[in-house]
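Thanks for coming. I have one structure to go through today, so please have a look at it first.

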Amino acid sequence: TLFRSPAQSALLVGVGLQHKTMDQLEKEIELPVSQLMGLFNKIVRKVVQLFNRILEKSVEEQMVATKEVVMEPTLRSLNDDLEEAAKEFQDKHTQEMEKLKGMDLSQYIIRGEDEEWNDVLKKAGQNASVVSLKSDKKRKLDRVEKDGPKHQKKFKKNKEKKQKIGR
């Protein structure tokens, strides 16, 4: 039923099952090779269409039937949700603030009085990106004093070597 003409059926049986060439089929069916090739092209197209339909049907059967989604209003309003989220945020925020209050943050303290900072900020202007105060504390002199004699000894040794070489 797929192939309407006897020539198509004979061509398909001759090429597919009997492994005959187009020249042999031309003599048996009594049609020119160009017509046989046209018929063969039509046969291949029909077979491809048949396989595609079979494949599409199998995919359709495997697909899950789509369910109709029913939209219902929520039990809570948007404002209630927002209020609850705000309350949760406030609770977390207060917990974190309590943790920070319990920590020793003295190492991060900024030195200087408010008056000193106000004076420096007025002098610096609005475009200043770095501002500093003069500190009452001196830099760590302990390290410099400890390293100082060592450097002086090296310097003396180098000086003595130069004098020996120069003599």
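**Charged side chains in a helical chain**

I will begin with one residue. Glu84 is partly exposed, because its relative accessible area is 35%, and buried would need under 20%. Please keep in mind that this is a predicted model.

What does the side chain of Glu84 meet in a salt bridge? The partner is Arg76, and the N to O distance there is 2.3 Å. Arg76 also has a salt bridge with Asp81, this one at 3.2 Å from N to O. Arg76, Asp81 and Glu84 are thus linked in a network of salt bridges. As for exposure, Arg76 has 37% relative accessibility, so Arg76 counts as partly exposed. Asp81 is partly exposed too, with a relative accessible area of 37%.

How many salt bridges does the chain have by this rule? The count comes to three. Besides the two with Arg76, there is one between the side chains of Glu28 and Lys20, with 2.5 Å from N to O. Glu28 has a relative accessible area of 49%, and is therefore partly exposed; the cut-off for exposed is over 50%. Lys20 has 23%, so Lys20 is partly exposed as well; here the cut-off to keep in mind is the one for buried, under 20%.

Now to charges outside the salt bridges. Glu113, Asp114, Glu115, Glu116 and Asp119 form a negative surface patch. Why can these residues be in a patch at all? Patch residues have over 30% relative accessible area and no salt bridge, and like charges are joined within 9 Å. Take Asp119 as the example: its relative accessibility is 43%, so Asp119 counts as partly exposed. Asp119 sits in helix H5, which covers residues 114-124.

That brings me to the whole chain. There are six helices and zero strands, and the order along the sequence reads α-α-α-α-α-α. What share of the 167 residues counts as buried? The figure is 6%. The chain exposes about 16600 Å², and 55% of that comes from carbon and sulfur atoms.

One last number concerns contacts. Among contacts in the chain with a separation of 6 or more, 33% are between residues 24 or more positions apart.

To recap: a chain of six helices, a salt-bridge network of Arg76, Asp81 and Glu84, and a negative surface patch that includes Asp119. That is all from me.

Note on methods
Residues numbered from 1 in each chain as written. Predicted model: local features only at pLDDT ≥ 70, side-chain atom pairs only at ≥ 80, totals over all residues. Heavy atoms only, no water. Patch = residues over 30% accessible without salt bridge, like charges linked within 9 Å, V, L, I, M, F, W, Y side chains within 5 Å. Areas by Shrake-Rupley, 256 points an atom, 1.4 Å probe, with all protein chains shown as cover. Salt bridge = Lys/Arg side-chain N within 4 Å of Asp/Glu carboxyl O. Lys, Arg positive; Asp, Glu negative; His and termini not counted. Charge placed at Lys NZ, Arg CZ, Asp CG, Glu CD. Helix = DSSP H or I, 4+ residues; strand = E, 2+ residues; numbered from the N terminus. Buried < 20%, exposed > 50% of the residue type's maximum accessible area, 1.4 Å probe, protein only. Contact = heavy atoms within 4.5 Å.
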